[in-house]
There are 4 protein chains.
Amino acid sequence: MIAKATSRPRGRPRKLAGPEDLLAAALRVFSERGFAASRLDDVAREAGVSKAALYLYFESKQAIFEALVRSAVVPNVERLEAMVAGWRGSAADLLRTLVQAIARIVVDGEVAAFPKLIIAEASNFPDLAKLYRTAVIERTLGLLASIVRRGVAAGEFRPTDPELAARLVIAPILFASLWKTCFARHDKVPFDPAPLLELHVDTLVKGLA
Amino acid sequence: MIAKATSRPRGRPRKLAGPEDLLAAALRVFSERGFAASRLDDVAREAGVSKAALYLYFESKQAIFEALVRSAVVPNVERLEAMVAGWRGSAADLLRTLVQAIARIVVDGEVAAFPKLIIAEASNFPDLAKLYRTAVIERTLGLLASIVRRGVAAGEFRPTDPELAARLVIAPILFASLWKTCFARHDKVPFDPAPLLELHVDTLVKGLA
Amino acid sequence: MIAKATSRPRGRPRKLAGPEDLLAAALRVFSERGFAASRLDDVAREAGVSKAALYLYFESKQAIFEALVRSAVVPNVERLEAMVAGWRGSAADLLRTLVQAIARIVVDGEVAAFPKLIIAEASNFPDLAKLYRTAVIERTLGLLASIVRRGVAAGEFRPTDPELAARLVIAPILFASLWKTCFARHDKVPFDPAPLLELHVDTLVKGLA
Amino acid sequence: MIAKATSRPRGRPRKLAGPEDLLAAALRVFSERGFAASRLDDVAREAGVSKAALYLYFESKQAIFEALVRSAVVPNVERLEAMVAGWRGSAADLLRTLVQAIARIVVDGEVAAFPKLIIAEASNFPDLAKLYRTAVIERTLGLLASIVRRGVAAGEFRPTDPELAARLVIAPILFASLWKTCFARHDKVPFDPAPLLELHVDTLVKGLA
DNA sequence: CATGAATGAGCCTTCATTCAT
DNA sequence: TATGAATGAAGGCTCATTCAT
C-alpha cells in the first residue's frame with residue numbers, strides 16, 4: 001500500500017537521512033506498479049520529497065532501480081552464503097533450511113517484488129538483467145548447487161547434475177514469489193507458501209535420495 | 001502458427017483477413033519488447049497496416065493484449081485437456097507426457113513470452129491477470145491436480161495434496177520459460193530445457209512415490 | 001512580431017502544406033527569441049499546430065534549426081553565385097551590386113536574424129555552426145574573393161589578399177544585420193543600412209584602387 | 001585581468017575577496033558556453049564556491065551578467081577614451097593605433113566573448129542590451145567618430161559622415177571577434193586577426209583620404 | 001559569510017487515440 | 001474498410017532560486 005506521504009510540519013525543513021529513504025520509497029512504488037509504470041512523481045511523493053530531489057542522489061530513473069538491486073537484494077545473498085558456509089548438518093537439512101530462508105526473503109520479505117520486477121524489465125534494461133543475473137541469480141544457484149554436490153559426495157543424494165538440481169530447488173520458490181506478487185491479490189483463501197515449500201522440499205529430498 | 005483458425009473465403013487474396021493477422025503481429029512485437037514498451041506503431045508496421053487500422057478491430061492497446069490471450073493461449077489449454085481426457089496409461093507417464101507438452105508450448109512455442117508478459121503487466125491490468133488466471137492457470141493446474149489425484153487413487157503416488165503438487169509440477173516449466181525469455185540471451189552455453197525437465201519429472205515422480 | 005495564430009474554424013481540420021509552414025513559423029519564433037529561448041510550444045502555436053505535430057516532420061528541435069538553415073539560407077547563396085557568374089561589368093560595380101544584394105537578404109530579408117542566431121548557438125551546436133560555415137559563409141566569402149581577384153587581375157584594384165578583402169567587404173553588412181536584430185529596436189532615428197553601405201562600398205573601392 | 005581593482009586588505013589570504021572572483025569565474029564560464037547555456041553550478045564550481053554564495057553578491061543570473069559588463073568592459077572604454085584624449089599625432093595614425101587597441105581588447109583579450117554574448121542575449125535581456133549599447137557601443141563609436149571628425153577638420157580625410165565612418169571602422173574588428181569566438185575553433189590555419197586589420201586600416205585610410 | 005539540501009516551474013519528447021477523407 | 005495527419009496528456013530531466021543551519 002502506498003502511503004500519502006508522512007505528514008510533515010510545513011515549509012522546507014526536511015532532513016533526508018540520505019538516499020536510503022529514497023530507495024525505500026522507490027522499492028514500495030516499484031513493487032506496487034512495476035518499474036515502467038512508476039512515475040518519478042510517485043516515488044518522490046512516497047518519499048515526501050520533490051521530484052528534483054531524486055536527482056540529487058541518482059542520475060536517472062534506471063539508476064534508482066540499479067541502486068535498489070544492489071542495496072536491497074545483494075546483502076541477502078551474502079547472508080545466505082554466510083549461512084551455508086557455516087553449516088555443519090546434513091545436506092538435506094541445509095536444503096530445507098535454505099529454501100525457507102530464501103522464501104522468507106523472496107516471498108515474505110520486502111523485496112518480494114524483485115523477481116517480478118526483473119522479469120518485467122529484463123528486455124528493456126539488459127544491463128540491469130545482467131547485473132541481477134550475475135549478482136543474485138548465479139550466486140544463489142551456485143550456493144544451491146554446492147549443497148547438492150555436497151549431498152551427492154556424502155552419499156545422501158544419488159548422482160545428479162548439481163546445476164540442474166539447483167534450478168529445481170529454486171523453481172517453486174520463484175513460483176511462490178510470482179504468485180504472491182501477481183495473483184495472490186485475488187485468491188479466495190489467502191495464499192500460504194509454507195505448505196507448498198514443505199511439500200517441495202520433502203518431495204525433492206526424497207526424489208534425490 | 002497463430003491466427004489461422006477463423007475460416008477465410010479461400011481464393012481471393014485479401015488485403016487483410018481480419019484481426020488474426022494483427023494479433024499475430026502483436027504477438028511478435030509484444031514478445032520482443034514487452035507490452036508496455038511496445039508501441040502500436042510497431043505492431044502496425046509489423047502487420048503491414050496503418051496504426052489507425054488497429055482501432056477498426058480493437059478498442060485499445062489493452063484489448064489487443066486480451067484478445068491475444070484468448071486466441072493464442074486458450075486453445076492450447078483445450079488441447080491439453082483433450083490429451084488428458086483420452087489418456088489410458090499410468091499417472092507417472094501422463095505426467096511426463098504432459099510436462100513435455102506444456103514445455104513445448106510455453107518454452108519452445110511462439111507463446112513462450114506469455115508468462116513473462118502476464119507477470120509484467122499483472123498489476124497494471126488486473127482484469128487481464130484475472131482472465132489469464134481463470135482461463136489458463138487454473139485450468140492447467142486443475143489438469144495437473146487431477147492427474148496427481150488419479151495417481152494417488154491408483155496407489156502410484158503417496159497421499160499428497162493434489163493442488164500443491166500441481167504447482168510443483170508447473171514451477172520448473174515456468175522457470176524454464178522465464179529463463180528463456182529473460183536471461184537465455186546472455187547464456188554462454190545455449191539454454192536447453194529438456195534435461196532440466198527430465199530431471200524434474202524423474203525426481204518428482206520418485207519423490208511422490 | 002509573433003502573431004496569435006491565424007484563427008482557424010474549429011475542431012481538427014488542418015491541412016499542413018508540409019513542413020514548410022512549420023519552418024516558416026520556426027523562423028519567426030527563432031528570429032524573435034533566439035533558438036535556445038524559443039519553446040517548441042511557441043513554434044507550434046505560431047504554426048497553428050500541436051507541439052506533437054512538429055515531430056511528424058522533424059526529429060528534434062535542433063533538426064528544425066538545421067532544416068531552417070538549409071531551406072531558408074542556402075538558396076540565397078545560390079542566387080548570389082548565379083548573379084556573379086553572369087556578371088559582365090567592372091569588379092567595382094559588381095562589388096557594389098553584390099553588397100546591396102547581400103544586404104537585402106541579410107539585413108532586410110526574412111532571414112535577417114540568422115547571423116545572430118548562428119552566432120548565439122555556434123558553441124552549443126557545433127555541427128550547425130560547421131554546416132553554416134561551409135554552406136553559407138565560405139561560399140559567400142569565396143564569391144567576394146573571386147571578385148576582388150578579378151579586380152586585381154584587371155588592374156582595377158591594387159594587389160590585395162582577396163581572402164582578407166572579402167572579409168572586409170562582409171564585415172559592415174554583418175554589422176548592419178546584427179545592429180538591426182539586436183539594437184535597432186531602441187534607435188531614436190530608425191536605423192537605415194543604405195547610407196552606411198553606400199559609404200562602405202565607396203570607401204572600400206577607393207581604398208582598394 | 002578582471003577583478004583586480006577593488007583594494008583588498010593585503011596580507012590575510014581571504015577565502016573570498018568579494019564579488020570580483022565570482023565575476024572572473026562567470027566571465028570564463030559565460031565565454032565558454034554562452035549565457036543561456038551556462039549553469040550557475042558551473043560558475044560556482046569555477047569560482048570554488050557554493051552555488052548559494054552567488055546569491056550573496058548578486059540578485060540573479062542576469063545580475064551577474066550585468067555586473068560583468070560594468071566591471072569587465074566599461075573600464076576598457078575609459079582607457080580608450082584616455083588614450084584618444086591625450087593623442088597628439090595625425091588622425092590616421094590615431095585610427096590605426098585605436099583599431100589595434102580595440103582589437104587587443106575585443107579579439108585577443110579575455111572579454112573577447114562579449115560581443116557574441118551580447119548579441120546572443122540582446123533580445124532576451126533588453127535591459128542588458130541597452131546598458132551595453134549606452135555604456136560601451138555608443139561611447140566607442142563616439143570616440144571613433146570624433147577622430148574622423150578631427151581628420152576631416154584637419155583636411156586629412158574628405159568630408160564624411162563621422163557616425164557612419166565610425167561604424168565602418170568597428171565592423172571588421174567585430175567580425176574578427178565573432179569569427180574567433182564562433183568559428184576559429186575549426187579553422188585549418190589558425191585565425192590571425194592582425195593582417196586583416198592592417199589591410200582594413202590601410203584601405204580605410206586610403207578610402208577616406 | 002557560506003553552504004548543503006531542496007524545490008517549483010518548465011521544456012523536450014513520446015505515444016495511445018481520434019478524425020476527415 | 002483503411003489511412004495519413006494530428007493531438008492531448010504525460011513523463012523524465014534540468015536549473016535558477018531559496019531556506020535552515
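**Figure 1. Arg133(A) and Glu138(A) pair up through their side chains.** In this predicted model, the side chains of Arg133(A) and Glu138(A) form a salt bridge, with N and O 2.9 Å apart. Why might such a pair form at all? Side chains of opposite charge can pair when their charged atoms come close. Look at how the two partners sit: Arg133(A) has 9% relative accessibility, so it counts as buried. Glu138(A) comes out at 38%, and therefore counts as partly exposed.

**Figure 2. A salt bridge ties helix α1 to helix α2 in chain A.** Here you can see the side chains of Arg28(A) and Glu46(A) meeting at 2.4 Å, N to O. The pair links distant parts of the chain, as the two residues are 18 residues apart. Arg28(A) belongs to helix α1 (residues 19–33), and Glu46(A) to helix α2 (residues 40–47). Is Glu46(A) buried or exposed? Its relative accessible area is just 8%, under the 20% cut-off, so Glu46(A) is buried. Arg28(A), on the other hand, has 38% relative accessibility and counts as partly exposed. If you went through all the chains, the count would come to 42 salt bridges.

**Figure 3. Asp187(D) reaches across to Arg133(C).** This time the salt bridge crosses between chains. The closest N and O atoms of Asp187(D) and Arg133(C) are 2.4 Å apart. On one side, Asp187(D) sits in the loop between α8 (162–183) and α9 (193–208) of chain D. On the other, Arg133(C) is part of helix α7 (residues 126–153) of chain C. Both Asp187(D) and Arg133(C) are buried. For another arrangement, hop over to chain A, where salt bridges with shared partners join Arg33(A), Arg39(A), Asp42(A) and Arg45(A) into one network.

**Figure 4. Chain B and chain A meet along an interface.** A total of 44 residues of chain B are in contact with 43 residues of chain A. How much area do chain B and chain A bury between them? The answer is about 4000 Å², and 75% of it is on carbon and sulfur atoms. Within chain B, the residues that lose the most area to chain A are Arg133(B), Leu168(B) and Phe183(B), which together make up 15% of what that side buries. Arg133(B) has another role in this view: its side chain meets that of Asp187(A) in a salt bridge, at 2.4 Å from N to O. The count between chain B and chain A is two salt bridges, and eight residue pairs are in polar contact across the interface.

**Figure 5. Several helices build chain B's side of the interface with chain A.** At least two residues each come from α1 (19–33), α6 (114–121), α7 (126–153), α8 (162–182) and α9 (193–208) of chain B. Which helix gives the most? That's α8(B), with 12 residues. Sorted by class, this side of chain B has 25 nonpolar, seven polar and 12 charged residues. Chain B doesn't touch everything, though: no contact joins chain B and chain C, and their closest C-alpha atoms are 13 Å apart. Chain B and chain D don't touch either, with their nearest C-alpha atoms 33 Å apart.

**Figure 6. Asp42(B) is tucked into the protein as a buried residue.** You'll find Asp42(B) in helix α2 (residues 40–47) of chain B. With 5% relative accessibility, under the 20% cut-off, Asp42(B) counts as buried. So which residues does Asp42(B) contact, leaving aside neighbours within four places in sequence? They are Val29(B) and Arg33(B).

**Figure 7. DNA strand E is surrounded by 36 residues.** The closest are Ser50(A), Ala52(A), Tyr55(B), Arg39(C) and Tyr55(C). Of the atoms of DNA strand E that come within 4 Å of the protein, 62% belong to sugar and phosphate. Zoom in on the phosphate oxygens: one is 2.7 Å from a polar backbone atom of Ser50(A). Ser38(B) also uses its backbone, placing an N or O atom 3.2 Å from a phosphate oxygen. Arg39(C) uses its side chain instead, with an N or O atom 2.8 Å from a phosphate oxygen. The elements giving two or more residues to this surface are α3 (51–57) of chain A, chain B, chain C and chain D. By class, the surface has 18 nonpolar, six polar and 12 charged residues.

Notes
Residues numbered from 1 in each chain as written. Chains lettered and ligands numbered in written order. Predicted model: local features only at pLDDT ≥ 70, side-chain atom pairs only at ≥ 80, totals over all residues. Heavy atoms only, no water. Near = heavy atom within 4 Å. Polar contact = N/O pair within 3.5 Å; in protein donor to acceptor, adjacent residues only side chain to side chain. Helix = DSSP H or I, 4+ residues; strand = E, 2+ residues; numbered from the N terminus. Nonpolar A, V, L, I, M, F, W, Y, C, P; charged D, E, K, R; others polar. Contact = heavy atoms within 4.5 Å. Buried area = accessible area lost by both parts, 1.4 Å probe. Salt bridge = Lys/Arg side-chain N within 4 Å of Asp/Glu carboxyl O. Buried < 20%, exposed > 50% of the residue type's maximum accessible area, 1.4 Å probe, protein only.
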